[in-house]
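Trainee: I have just opened this one and would like to talk it through with you. Can we begin with the cysteines?

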Amino acid sequence: MSLSPIGDDQRPTLDRPTLQQVLSDHQRFATSQPGGRRALLSFHDLSDHDLSGRNLSEADLTGAVMHRTLLPGAVLRRAALYGADLRLANLDHADLSRADLRGVCFRGASLRGTRLIEADIREAILTRYDRRRSGDPELREVRPDFSSADARGIDLSNARVGQAYVVQADFSDAVLCGVNLRGADLRHTNFTGANLDRADLSQANLAGACFTGALLTGSVLDGARLDAADFQGAILDPGVTDRIARRGARTIQPTPPDALPLLVQSHRLWLDSAGRRGARADVSDRDLSDADLRALDLTALLAVRCRLVHARMHKAILAMADLSFADLRGAGMTYADLRGINLTRACLSGADLRGANLGPLVSAHRPDRQWPVRLEGARLIGTDLRGARLRQASLTGADLSEANLEGCDLEGAGLEGCVLPRPTPQSTYTGTPAQVVP
């Protein structure tokens, strides 16, 4: 329980020289140097100060007001921020791992790439009393607030979040593995591409939330409100799709067995007639798991958010196809022609792409005009890419941990922010990884 005997308008402030001395003393404290002293700034007003890159590990910032405070790159590991107000603060790439963030307010804050691993972000009980009045102090429960926060790429792995307000926040590409969001208000929040593996979303309000491309394997959705929640393109456990669809969620639709041959026939006619007859096949938001598409010409296929788990596409032609956000786990795509394909944020974990051609598609009439393969943000964990061609492919932010890249050609590929497996003596691929999995 936190005791706040002062009003918001009476919080102590520090002038710049005094604050600099406090920060210098704390730096020595955090690094176990002589003369160090822990920063004790509870209930202080630190609004609009620039604390970028500062080491504030284990600092006491209980109840502090930090409106618009600049904290990008700051280190706040195990810091006490119980009941702190960080509205509109900038904490991009700051480290708040294992910090006490109970009752914290991040409303409108920038939290891009921020680390809150194993942080305690549950509800707080605040006590307030007035010196001028007698009687019992006022007790007030405060829920953590992430409303309208920009939390793209935030890491909340194994954090205890509790019944937080996360309304209309942006958690795109966030890491939320094992996070407890039971009972949280997540209305209209964007979880595009987020990793929610084993997350507890039971009893949460997910109305209008977007989970396109999100990983939800092992997650718990019992009792959650799912009205108009968008799970199209989400990576879900078997059987979950039907259950959440009955509760109002938007999901992909099953494809009737007799529909696929007709679509393929019409698409073939469309290709042969240069678009004058037939129709371009569009299987977006459809379930084609286990489909047999071997050796078919599906050039320019539209399959956005399509589920193609364990689909057989060996030697298929998918040049210039759009499979963004598609679920291709365990798919067989050996020696497939995938030139110019769009696999942005697709999940290809465990897929077999041995010998596949993922090079650029070059115009027959203008050799200077090329369409490289797009794999930005794609998941290729454990994917077999032996002998595959990935020249000039865009792999920005893709995850290839545990992938087999023996003999893979990555010449000219864009690897910014890409996770590659540790090279082995047998590895012959080219390119410099930005991050290597240990």
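Mentor: The sulfur of C418 has its closest cysteine sulfur in C408, 10 Å away, which is too far for a bond. A disulfide here is a pair of cysteine sulfur atoms within 2.5 Å, and by this rule the count comes to zero disulfides.

Trainee: And which cysteine sulfur is nearest to that of C306?

Mentor: That of C347, at 13 Å, and C306 is in no disulfide.

Trainee: What kind of model is this, by the way?

Mentor: This is a predicted model, in which local features need pLDDT of at least 70 and side-chain atom pairs count only at pLDDT 80 or more, while totals for chains, interfaces and linings use all residues. Residues are numbered from 1 along each chain as its sequence is written, and side-chain values use heavy atoms, with hydrogens and water left out.

Trainee: Is C418 buried or exposed?

Mentor: C418 counts as buried because its relative accessibility is 0%, where buried means under 20% relative accessible area, exposed over 50% and partly exposed in between, with a 1.4 Å probe and protein chains only. C306 is likewise buried, at 0%, and C347 is buried at 3%.

Trainee: Where is C347, and what does it touch?

Mentor: C347 is in the loop between β5 and β6, strands being DSSP runs of E with at least two residues, numbered from the N terminus. Leaving aside neighbours within four places in sequence, C347 has contacts (heavy atoms within 4.5 Å) with I235, A326, D327, L328, R329 and R379.

Trainee: What about S349, where does that lie?

Mentor: S349 lies in the loop between β5 (286-287) and β6 (361-362), and with the same neighbours set aside its contacts include R329 and R379.

Definitions and conventions
Helix = DSSP H or I, 4+ residues; strand = E, 2+ residues; numbered from the N terminus.
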